[in-house]
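This report is an introduction for a reader new to the structure below. It takes the sheet before the helices and the cores.

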Amino acid sequence: MATLIELDRLTKNYGSSRGVSDVSLKIPEGTIFGFLGPNGAGKTTTISMLVDLIRPTSGTVSIFGMDAQKDGVAIRQRTGFLAGDFALDNDLTGWQQLEYFAHLRTGGLNKKYVTELAQRLSCDLNKKFKALSRGNRQKVGLISALMHEPELLIFDEPTTGLDPLIQAEFNNIISEHQRKGRTAFISSHTLPEVQV
């Protein structure tokens, strides 16, 4: 299998504070990769360098054979990402949020597929974000990452706040994603979350 993600001696220093040091990984295309570690281990820092939200002190990140820093826009077009602490506009409905994100990607919103995801995740997209519980906010975030059917998914603790039935359905969605030859990078501090 071709390597989809490659981290080579990735390091991020925060002065005297802890960061990450010499992380090297090769993740093959078409796999579900569980990135496990306790809270504070550097998972979010590593993911932030993967998606070019922060720059490494040293080392390199390659995704789809492209440099994550130089080719970030091209990579993001093919990637669905959900941060562990994402925020959306409180005064917009789920539908409005998703339409906004679809336009940022220069593509239209596939309302049929979004409706299917919303039904599978029991998510009401007609409510404003400020009226949603933590779990329902998480569902909107998941749909935003999944809605353009990307080749690569990068999730930082994606099932936080979800009830067990919705977690199981999320696992089904990720398994379907893999069966289509696509890749998922899922960060968690609990093993069951990444045992899809």
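Two strands count as paired when DSSP finds at least two bridges between them. The structure is a predicted model.

**The sheet**

With that cut-off, an open sheet of 4 strands can be described, in the order β2-β1-β4-β5 and with antiparallel pairing. The edge strands are β2 (17-28) and β5, each of which pairs on one side only. In general, strands of a sheet pair through backbone hydrogen bonds, either parallel or antiparallel.

Strand β1 (residues 3-14) and strand β4 (residues 58-63) run antiparallel and are joined by 5 bridges. One of the residue pairs here is Leu-7 with Val-61, the latter lying in β4. Strand β4 is also joined to strand β5 (residues 66-67), again antiparallel, by 2 bridges. In that pairing, Ile-63 stands opposite Met-66, and Ser-62 has Asp-67 of β5 as its bridge partner.

The hairpin of β4 and β5 has 2 residues between the strands, and Phe-64 in this hairpin takes a positive phi near 55°. Helix α1 (residues 43-50) lies across β1, β2 and β4, and runs at about 120° to β1.

**Residues with positive phi in loops**

Most residues other than glycine have a negative phi. Two loop residues with a positive value are listed here.

| Residue | Phi | Loop | Relative accessible area |
|---|---|---|---|
| Asp-52 | near 65° | between α1 and β4 | 16%, buried |
| Ser-122 | near 50° | between α4 and α5 | 48%, partly exposed |

Asp-52 is buried because its relative accessible area of 16% is under the 20% cut-off. Ser-122, at 48%, lies between the 20% and 50% cut-offs, so it is partly exposed. Ser-122 comes just after α4.

**Helix α4**

Which residues of α4 are buried? They are Tyr-113, Val-114, Leu-117 and Ala-118. Seen down the axis of α4, these buried residues fall within an arc of 140°, so they line one face of the helix. An α-helix has 3.6 residues a turn, so residues three or four places apart point the same way. The face of α4 turned away from the buried side carries Lys-112 and Gln-119, which are exposed. On the buried side, the residues of α4 pack against α3, α5 and α6.

**The nonpolar cores**

The largest nonpolar core has 32 residues, and the members that touch the most others are Val-114, Leu-125, Ile-143 and Phe-155. Two or more residues of this core come from each of α3 (94-104), α4 (111-120), α5 (134-146), β7 (152-156), α6 (164-179) and β8 (183-188). Helix α5 gives the largest share, 5 residues.

Val-114 is one of the buried residues of α4. Leaving aside residues up to four places away in sequence, Val-114 touches Trp-95, Leu-98, Leu-109, Leu-125, Ile-143 and Met-147. Two of these contacts, Leu-125 and Ile-143, are themselves named among the core members that touch the most others.

Another core, of 22 residues, lies apart from the largest one, and its members include Ile-5, Ile-63, Ala-68 and Phe-185. Ile-63 is the residue that stands opposite Met-66 of β5 in the sheet.

Definitions and conventions. Residues are numbered from 1 along each chain as its sequence is written. This is a predicted model: local features need pLDDT of at least 70, side-chain atom pairs count only at pLDDT 80 or more; totals for chains, interfaces and linings use all residues. Side-chain values use heavy atoms; hydrogens and water are left out. A nonpolar core is a set of buried Ala, Val, Leu, Ile, Met, Phe, Trp, Tyr and Cys residues joined through side-chain atoms within 4.5 Å. Buried means under 20% relative accessible area, exposed over 50%, partly exposed in between (1.4 Å probe, protein chains only). Contact means heavy atoms within 4.5 Å. The arc is that of the directions from the helix axis to the C-beta atoms. Axes are lines fitted to C-alpha atoms, for helices over the stretch in contact, and angles run from 0 to 180 degrees between N-to-C directions.
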